[in-house]
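Here are a few exercises to work through with the model open in your viewer. Try each one before you read its solution.

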Amino acid sequence: MNIYPDKMTPELREVLGKICFQLAPIAQAFRAAGHEIEEKAEAEQAFVLHWLIKLALKHGSNWRDEASDQILQMKTATSGLHFPQEPPHQ
């Protein structure tokens, strides 16, 4: 089991710095792919931040590539619905 680091990493700083408006399109992609996420900004933000934090901890500086790959996989699996191509840049 991974333990959340005591010191913030550059990857975590970038992920945690995202605001809800940047994360909403990703939450919509997950919802379209069948994930149950309440349609409130707080729920969407929490869901996506949780996902991105896990990617940042697991993949380090490659977290964005992994996120993009997973979003592309969701897009492919859901008949080409419109999804963001990568996590939003700050």
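Helices here are DSSP runs of H or I with at least four residues, and strands are runs of E with at least two, numbered from the N terminus. Keep in mind that this is a predicted model.

**Exercise 1. Work out how many helices and strands the protein chain has, and how the elements are ordered.**

Solution. Start with the count: the protein chain comes out with four helices and zero strands. Next, walk from the N terminus, and you read α-α-α-α. To round off the overview, 34% of the 90 residues are buried. Now take the contacts between residues at least 6 apart in sequence: 54% of them join residues at least 24 apart. As for the outside, the chain exposes about 5,900 Å², with carbon and sulfur atoms supplying 53% of that area.

**Exercise 2. Check the length of helix α3 against the expected rise per residue.**

Solution. Helix α3 covers residues 41-59, which is 19 residues. The expected span is 1.5 Å times one less than the number of residues, so α3 should span 27 Å. Its end C-alpha atoms are 26 Å apart, and that agrees. Just past the helix, look at Gly60: its phi is positive, about 55 degrees.

**Exercise 3. Find which residues of α3 are buried, and what they pack against.**

Solution. The cut-off for buried is under 20% relative accessible area. In α3 that picks out Ala43, Glu44, Val48, Leu49, Trp51, Leu52, Ile53, Leu55 and Ala56. Then follow their contacts: these buried residues pack against α1 (10-16), α2 (20-32) and α4 (63-77).

**Exercise 4. Is Leu57 buried, partly exposed or exposed, and which surface patch does it help make?**

Solution. First place the residue: Leu57 sits in helix α3. Its relative accessibility is 32%, so it counts as partly exposed. Together with Tyr4, Met8 and Leu16, Leu57 makes a nonpolar surface patch of about 340 Å².

**Exercise 5. Give α2 the same going-over: its span, its buried residues and their packing partners.**

Solution. Span comes first: α2 has 13 residues and reaches 18 Å from its first C-alpha to its last, close to the 18 Å expected. For burial, the list is Gln22, Leu23, Ala24, Ile26, Ala27, Ala29 and Phe30. These buried residues of α2 pack against α3 and α4. Finally, check what comes after the helix: α2 is followed by Gly34, which has a positive phi near 105 degrees.

Conventions: Residues numbered from 1 in each chain as written. Predicted model: local features only at pLDDT ≥ 70, side-chain atom pairs only at ≥ 80, totals over all residues. Heavy atoms only, no water. Buried < 20%, exposed > 50% of the residue type's maximum accessible area, 1.4 Å probe, protein only. Contact = heavy atoms within 4.5 Å. Areas by Shrake-Rupley, 256 points an atom, 1.4 Å probe, with all protein chains shown as cover. Patch = residues over 30% accessible without salt bridge, like charges linked within 9 Å, V, L, I, M, F, W, Y side chains within 5 Å. Salt bridge = Lys/Arg side-chain N within 4 Å of Asp/Glu carboxyl O.
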